[in-house]
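Thanks for passing this one along. Below are some notes to read with the structure open beside you.

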Amino acid sequence: MPACRNEPSHQPGENTVTSRDSRTSRTSRGAAMGPLDSAAAAVDPLGPLRSPLEPGFDVYLTGTVFLDIIFTGLDSAPVRGTESWARGMGSSPGGVANMATALSRLGLRTSLAAAFGDDHYGEYCWDALEQGEGIDLSMSRTIPGWHSPVTVSMAYEGERTMVSHGHEAPPPAGPGPFPQCPPRTRAAVASLAQGRTEPWIAEAARRGARIFADVGWDESGRWDLGALPDLEHCEAFLPNAGEAMRYTRTDCPRAAARALAEKVPVAVVTMGAEGSYAVDGRTGETAEVPGIAVEELDPTGAGDVYVAGFVTGTLAGWPLADRLAFAGLTAALSVQEFGGSLSAPGWPEVAHWWRTAPEALRPRYGFLDALVPPGAEPASRRRAVPTIGFRHPV
């Protein structure tokens, strides 16, 4: 791979010009806003580790940003030839925005490289992520004449059904690939796919980033670990139970995790309401943490929030079981809200849960005592709303 060029030299938070045309932010027109509790919002899980020589970012990721439209409150699956009415609806950035928002809300300095449509949907998503969530988009770009991909998600019976539409973003006009060489970062999150190699993953690993990967459903039905070439660069692999068992030809999520730990340093298998199980192949350590029972509204993006929680705990140096517990907690908090990205919890929500946590759970989550600020009350956080682009602020 050729040497990287044009790496952003600014630090997160600086007001730099990106590939998007300079214009007035319209964040207030597109999403519900609320003041964040300043103490809880300011929690930095990596604070003790920071130094003047650290990378400019904690996590880098790339992928497709969708405009998500989520319907909830459906009594059953839509029936052909009939009209179904949903009791709830929300709009928010989706796709890779789910993971980016979850990471940023947990206090990680997040860099996202993505293509954005040159339309109101794209403008809304850009402003919601950059202005609303503090995500660095200096490696992202807006494509003239390209419309935003859209997903309609319908939540019912504890599951979801999605319908998406979009076209692959055209390549950049210049000679270099998109995304460009990733910035120097502590970690990167990748989504692996059968038979596909992403050069940026190997480059990020070569430059010291710890790679965390999940995987999508294998439509080919091969379920071949050998067809995931970038797995060799990963520190942690986090499939769900169905994916893990198919890849390992096992009939038990725990056996699948043990088999995966022979291929990657840390294997984490999520098991839905049952919780998650992990194996550290380097030390032989195992951990299992049950799920937290909550009243579920919309499961969209819960897997992304789980990964974000696990990445946070790993970078902070927490024990394996604490990482599983925190990841499961953040995922559980997310399914109680609309949408994928804007349902992600931050430290105010974590702090509120900890103060009111059932007595039976307090020993397992006692590590939160050293993280959440005492006494602060959470305030409202940006959430998905039924529409975007109100002519007047609401």
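1. Let me start with a pair of cysteines. Cys 252 is partly exposed, because its relative accessible area of 23% falls between the 20% and 50% cut-offs. Cys 234, by contrast, is buried, with a relative accessible area of 4%. Neither belongs to a disulfide, as the structure holds zero of them.

2. A word on confidence, since this is a predicted model. The mean pLDDT of the protein chain is 85, and 84% of the residues reach 70 or more. Please read the beginning of the chain with care: pLDDT stays under 50 over residues 1-19, a stretch with 30 contacts beyond four places in sequence. Residues 21-40 also have a pLDDT below 50, and there the model shows 48 contacts beyond near neighbours in sequence. I would not lean on the details of either stretch.

3. For the overall picture, the protein chain has ten helices and 14 strands. Of its 394 residues, 51% count as buried. Taking contacts between residues at least 6 apart in sequence, 71% join residues at least 24 apart.

4. The sheet to look at is an open one of eight strands, in the order E4-E1-E9-E10-E11-E12-E13-E14, and its pairing is mixed. Strand E4 (110-113) and strand E14 (286-289) are the edge strands; each has a single partner strand, so one side of each is left without a neighbour in the sheet. From one strand to the next, the twist averages 20°.

5. Within that sheet, strand E9 (residues 185-192) and strand E10 (residues 210-215) are a nice pair to inspect. They run in the parallel sense and are joined over six bridges. One register point you can check by eye is Ala 190, whose bridge partner in E10 is Ala 213. Helix H5 (residues 199-206) lies across E9, E10 and strand E1 (57-62), and runs at about 155° to E9.

6. How do strands E7 and E8 pair, parallel or antiparallel? Strand E7 (residues 150-156) and strand E8 (residues 159-165) pair in the antiparallel sense, over seven bridges. Here Met 154 has Thr 161 of E8 as its bridge partner. Two residues lie between the strands of this hairpin, and Glu 157 takes a positive phi near 50°.

7. Two further residues with positive phi deserve a look, and their surroundings contrast. Trp 223 has a phi of about 50° although it is not a glycine, and its place is in the loop between E10 and strand E11 (234-237). At 7% relative accessibility, Trp 223 counts as buried. Arg 249 also has a positive value, with phi near 55°, and lies in the loop between helix H6 (241-248) and helix H7 (253-260). Arg 249 is exposed, with a relative accessible area of 58%.

8. On to the helices later in the chain. Helix H9 (residues 320-334) passes a simple length check: at 1.5 Å a residue its 15 residues should span 21 Å, and the end C-alpha atoms are 21 Å apart, which agrees. H9 is also mostly covered, with 13 of its 15 residues buried.

9. Helix H10 (residues 347-355) has seven of its nine residues buried, so it is largely enclosed by the rest of the structure. Among those buried residues are Trp 347, Trp 353 and Trp 354. The buried set also includes Pro 348, Glu 349, Val 350 and Ala 351. Glu 349 may catch your eye in that list.

10. Finally, which residues does Gly 301 touch beyond four places away in sequence? They are Asn 98, Arg 160 and Gly 340. Gly 301 itself lies in the loop between E14 and helix H8 (302-315). It is buried, with a relative accessible area of 7%. The C-alpha atoms of Gly 301 and Gly 95 are separated by 8.3 Å, although these residues are 206 apart along the chain.

Technical notes. Residues numbered from 1 in each chain as written. Predicted model: local features only at pLDDT ≥ 70, side-chain atom pairs only at ≥ 80, totals over all residues. Heavy atoms only, no water. pLDDT = per-residue confidence, 0-100. Contact = heavy atoms within 4.5 Å. Pairing = 2+ DSSP bridges. Helix = DSSP H or I, 4+ residues; strand = E, 2+ residues; numbered from the N terminus. Axes fitted to C-alpha atoms, helices over the stretch in contact; angles between N-to-C directions. Disulfide = S-S within 2.5 Å. Buried < 20%, exposed > 50% of the residue type's maximum accessible area, 1.4 Å probe, protein only. Expected span 1.5 Å × (residues − 1).
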